[in-house]
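Visitor: I should be grateful for a close look at the charged pairs and the helices that carry them. May we begin with a simple count before turning to the details?

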Amino acid sequence: MILDQILQFAESISAVKVVVMNGSRVNPNAPKDEFQDYDLIFFVEDLAKHDFKSDLSWINRFGKPVISQQNDFENGSYIVMTQYENGLRIDLNFYDLKMLEETIAKDSLTKVLLDKNSLINDLPVPDESSYYIVKPTEKEFAELMNEFWWIQPYITKGLLRNEIPYAKFMFDNILIECVKKILNWQIGLENYWKVNTGKCGKWLKNFLTDEVYTDFQKIYPSADPGDIREKLFLTQQFVHKRAQIFTSQMEFTYNIDEAERVIRFIESQFK
């Protein structure tokens, strides 16, 4: 079992005092399949004196690597991520032991696998509370809607100039992210703000009706200029409707005049 091998590795290094696992394998609500990563943290006593990133030969003890990546973080910690030929993926973080308390306090999806010196008091059963959708303020809602409508002239300009990479970037990376945020807020409201739709909204399908999810999928455009234009109009309709429903439920004010001015402006640009 891979966890046994990882813990044997940790046991063999005296400076590694605590090992915890987080991520989807700790989440009781995450789908279980062969694609789940192993997300772990080694808490190392005086990490600066121990180098696990210059010589990565230790990754071979868990299988035959296809590719690995090592990243450093501002707080002095770092991560080594490895994809193995057998499909196994291990993301192993190395943190200084001094960061133990603050790190585990931030993530409710934490399970202790090894605690050599009994440094951790009993942790609650892992849950998704650190990842729940956060209820927006009226100001946050207004700012998001302003961003949603503001970015649309950029997309339009890109299309009219036939600058498709530019238009696609604005659509895929800004406009659709606004849409996902709005959907998340609606789902949060319907579930008393105790729900997690997963990284990048990967579990949105589980919380939307089949009709709404199908409509959501339809707004994703290809690189064809005509399709981007058509999907832009679809996205306007999709969000405009849901924004009005959401604000009614939340008793927020929705700037309908702003929305309809943008809709008219975009229509005029394509005539």
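How many salt bridges does the structure hold?

Guide: The structure holds 10 salt bridges, a salt bridge being a side-chain nitrogen of Lys or Arg within 4 Å of a carboxyl oxygen of Asp or Glu. The model is predicted, with local features needing pLDDT of at least 70 and side-chain atom pairs counting only at pLDDT 80 or more, while totals for chains, interfaces and linings use all residues. Residues are numbered from 1 along each chain as its sequence is written, and side-chain values use heavy atoms, leaving out hydrogens and water.

Let us take one pair from helix α3, which covers residues 138-150. (Helices, H or I of at least four residues, and strands, E of at least two, are DSSP runs numbered from the N terminus.) Here the side chains of Lys139 and Glu143 form a salt bridge, with 2.5 Å from N to O. Lys139 and Glu143 lie four residues apart in α3, so about one helical turn separates them. The background is simple: an α-helix has 3.6 residues a turn, so residues three or four places apart point the same way. Lys139 is exposed, with a relative accessibility of 58%, whereas Glu143 is partly exposed at 44%. (Buried means under 20% relative accessible area, exposed over 50%, and partly exposed in between, with a 1.4 Å probe and protein chains only.)

A second pair belongs to helix α5, residues 164-190. Glu177 and Lys180 form a salt bridge there, and their closest N and O atoms are 2.9 Å apart. These two residues are three places apart in α5, so the separation is again about one helical turn. Glu177 is partly exposed, its relative accessible area being 39%, while Lys180, at 10%, is buried.

A third pair is found in helix α7, residues 225-250. The side chains of Asp227 and Lys231 meet in a salt bridge with an N to O distance of 3.2 Å. Asp227 and Lys231 are four residues apart in α7, so about one helical turn lies between them. Asp227 is buried, with a relative accessible area of 15%, and Lys231 is buried as well, at 12% relative accessibility.

Let us return to α3, where Met145 has its place. Met145 has a relative accessibility of 3%, which means that it counts as buried. Setting aside its neighbours within four places in sequence, Met145 is in contact with Ile182, Val239, Ala243 and Tyr254, contact meaning heavy atoms within 4.5 Å. A further distance can be given for Met145: Arg161 is 16 residues away in sequence and 26 Å away in space, from C-alpha to C-alpha.

Next comes helix α4, residues 152-160, in which Gln152, Ile155, Thr156, Gly158 and Leu159 are buried. They span an arc of only 160° around the axis, so they lie on the same side of α4; the arc is that of the directions from the helix axis to the C-beta atoms. What do the buried residues of α4 pack against? Their partners are α3, α5, α7 and α8, the last of these covering residues 256-269. Helices α3, α5 and α7, which carry the three salt bridges described above, are thus among the elements that α4 packs against. Just after α4, Asn162 adopts a positive phi of about 60°.

Helix α6, residues 210-218, can be read in a similar manner, with Val212, Tyr213 and Phe216 as its buried residues. The arc they cover around the axis is only 95°, which means that they sit on the same side of α6. The face of α6 turned away from this buried side carries the exposed residues Asp210 and Glu211. Among the elements that cover the buried residues of α6 are α5 and α7.

To bring the pairs together, Lys139 and Glu143 meet in a salt bridge, as do Glu177 and Lys180 and Asp227 and Lys231. In the first of these pairs, Lys139 counts as exposed; in the last, Asp227 and Lys231 are buried.
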